[in-house]
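User: Could you take a close look at the interior of this predicted model? I would like one connected account of how the inside is packed and where space is left.

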Amino acid sequence: MNARSKHLAQSLPGRQTGRKRQGLSNVLFKPMTLFALMAIGLFSFGAFFVLGGFADDLRKTPPGQATPRSVSAVGYKALQDYMNQVGYIAHETRDDRDYYARQSQLVIYTPSRTYSRLSSTLEKNTNEIRLVVLPKWSVRQFIPQENEQGSTDWARKNGEDGLSGLGEFNYLFEDIPVIRRVDDISQNIDVKFTMNFQRNLPDLSNLDVEALQYFDLDTRWSERQAELMRIRMEEIEEFRKQRAEERGEDYIPLSEEEEAETEEDEGKENEEEVSEPDPLPDYTVLMRIDEKPVLIRLENSQTYILSEPDLINTMAFQTQTGARFALGVIDEVLVASEAELYHADFDVSLHGIENGRNLIKLMVTPPFLAATLCLLLAGGLVAWQGFNRFGDPARVRPDYAQGPVSLAETAAEFMDVANRTHKTGENYAALIRRQVVDELGFKGRTEAATDKLLDGREKRRALSPTYAELKTKISTATPQSYGQYAKALTVWREKMIDTGTLQEDPKS
């Protein structure tokens, strides 16, 4: 049996019994399948639409930075987790704190580098209690090279020592003291606090701090900049001298003419009147390490500055002593500022993690979420109504229906359009009279007898106005008063045919 005969043999029984075999299209395109596909598509589009509005909030910051989410050596994720584990309340804030929270709760700013955005943020929120942890390390994301082991969440130092420049801190914000570093830290570190309260801290003599960063409260930034410039020039001259020796050339320092010009300029500057500089701000020192201030409070403010970030970042959590001391630094600020204890917020807006405003987020967050849901529900009902209208087209109703009633309605509409309705008043009054005559059984009598019976019935019922008066008024009615008289005739007819309360009229 060939393939064609086999196909006919398999198909013939079904054809003989009238049964239709289900094809693949009939299975896939069932109404329930189509409805499920539409529901999945709408849900996916809605999810994509909503997540697009919150994309900025969900986007991760580059790893290896000094952020409260970073687990690198310079990050503060360890401090935040440790505070939550020991009973503190440590959350993130995105510059959306309430007024009460600004007055009573500490917020910690951890800039990754010295840049001016911190200055604008601090000027905007002048009434809050805050701790600014100065940056120290210049790092980037750690990307393992060949034969290197590590994670992309780590940080890699920039340059030889990885330290940020000391001359850039004065751009961070106003009234910041001069920053210095010292490499020769004593083996037995001496930590002193100025606040007088009981602390539960371990022995801090073996605290490990590399290149301690501290405040120089007796030097102005102008003097510090001149000092850094002089050091830079000495380094340049030393480099020029070494390069000349390597090339076998004679080292030529500044020429005598340049030195003379320099001395002359200095003499002119000395002759000019120099105004006395402003006095240095009165900083309050809260903690010293080897007699060097590391934690201070700015004058007439609730702004506290920690110069050494390695006291509270991930580096401090290498030992239990460092972890307990990091918490002690936070407690020192909380007690000094009289803020709410066991509560601190970490600001992340400095690192680009902000509550961005957009139309999508506005639509799907209260109080506008209810309006969005109502609009979606209304749209769904409209779509469902339109879906139910599918099918054979509805029959179009003719403009002029057939039948006596429809003919009368059409004629009335024509008369109304032609503004001739009020000119049918006399005929309408005669129609009302005939209806009353038929209802009372006066039909078949002469006109004079019918008028006599109707006049007598009007007098017994004391109807006013009478039929004659209404007929006269509606015959001369205007388009505005026609409806009033027509209604009065209808009332007259109802009273005339009402036989429930009065005696019957004679039939002859």
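Analyst: I begin with the empty space and then turn to the packing. In this predicted model, the largest cavity is lined by 13 residues, and those that lie nearest its centre are Ala 66, Val 74, Pro 135, Lys 136 and Trp 137. Its volume comes to about 80 Å³, and the count of cavities of 30 Å³ or more is 2.

As for the packing, the largest nonpolar core has 39 residues, and the members with the most contacts inside it are Met 83, Leu 106, Leu 131, Met 287, Leu 306, Leu 311 and Ile 312. Helix 10, which covers residues 320–337, gives the most to this core, with 8 residues. Apart from this core lies another, of 22 residues, with Phe 169, Ile 176, Leu 217 and Ile 296 among them. Within the 39-residue core, Ile 312 can be followed outwards: leaving aside neighbours within four places in sequence, Ile 312 is in contact with Tyr 76, Leu 79, Val 133, Leu 306, Phe 317, Ala 326 and Val 329.

One of these contacts, Phe 317, leads on to the aromatic residues, for which a search of the whole structure finds 5 pairs. The rings of Phe 317 and Tyr 82 have centres 5.6 Å apart and planes at 70°, and because planes over 60 degrees apart count as edge-to-face, this pair is edge-to-face. The two partners come from distant parts of the chain, 235 residues apart, with Tyr 82 in helix 5 (residues 77–85) and Phe 317 in the loop between strand 11 (303–306) and helix 10. Tyr 82 has a relative accessibility of 22%, so this residue counts as partly exposed, and Phe 317, at 22% relative accessibility, counts as partly exposed as well.

Another pair is formed by Tyr 88 and Tyr 342, whose ring centres lie 5.1 Å apart with planes at 70°, so this pair is edge-to-face too. Here again distant parts of the chain are linked, 254 residues apart: Tyr 88 is in the loop between helix 5 and strand 1 (89–93), while Tyr 342 is in the loop between helix 10 and strand 12 (343–347). Tyr 88 has a relative accessible area of 8%, and because buried means under 20%, this tyrosine is buried.

Finally, an aromatic ring also faces a charged side chain, since Lys 292 lies over the face of Tyr 214, at 5.7 Å from the ring centre.

Methods. Residues are numbered from 1 along each chain as its sequence is written. Side-chain values use heavy atoms; hydrogens and water are left out. A nonpolar core is a set of buried Ala, Val, Leu, Ile, Met, Phe, Trp, Tyr and Cys residues joined through side-chain atoms within 4.5 Å. Buried means under 20% relative accessible area, exposed over 50%, partly exposed in between (1.4 Å probe, protein chains only). Helices (H or I, at least four residues) and strands (E, at least two) are DSSP runs, numbered from the N terminus. Contact means heavy atoms within 4.5 Å. Rings of Phe, Tyr and Trp (its six-membered ring) pair if their centres lie within 6.5 Å; planes under 30 degrees apart count as stacked, over 60 as edge-to-face and the rest as tilted. A charge sits over a ring if NZ of Lys or CZ of Arg is within 6 Å of the ring centre and within 35 degrees of the ring normal. On a 1 Å grid over the protein atoms alone, a cavity is a set of points where a 1.4 Å probe fits but cannot get out, and a pocket is an open set with protein on both sides within 12 Å along at least five of seven lines; lining residues have an atom within 4 Å of a point. Grid points are joined across faces, edges and corners, and a volume is the space filled by probe spheres set on the points.
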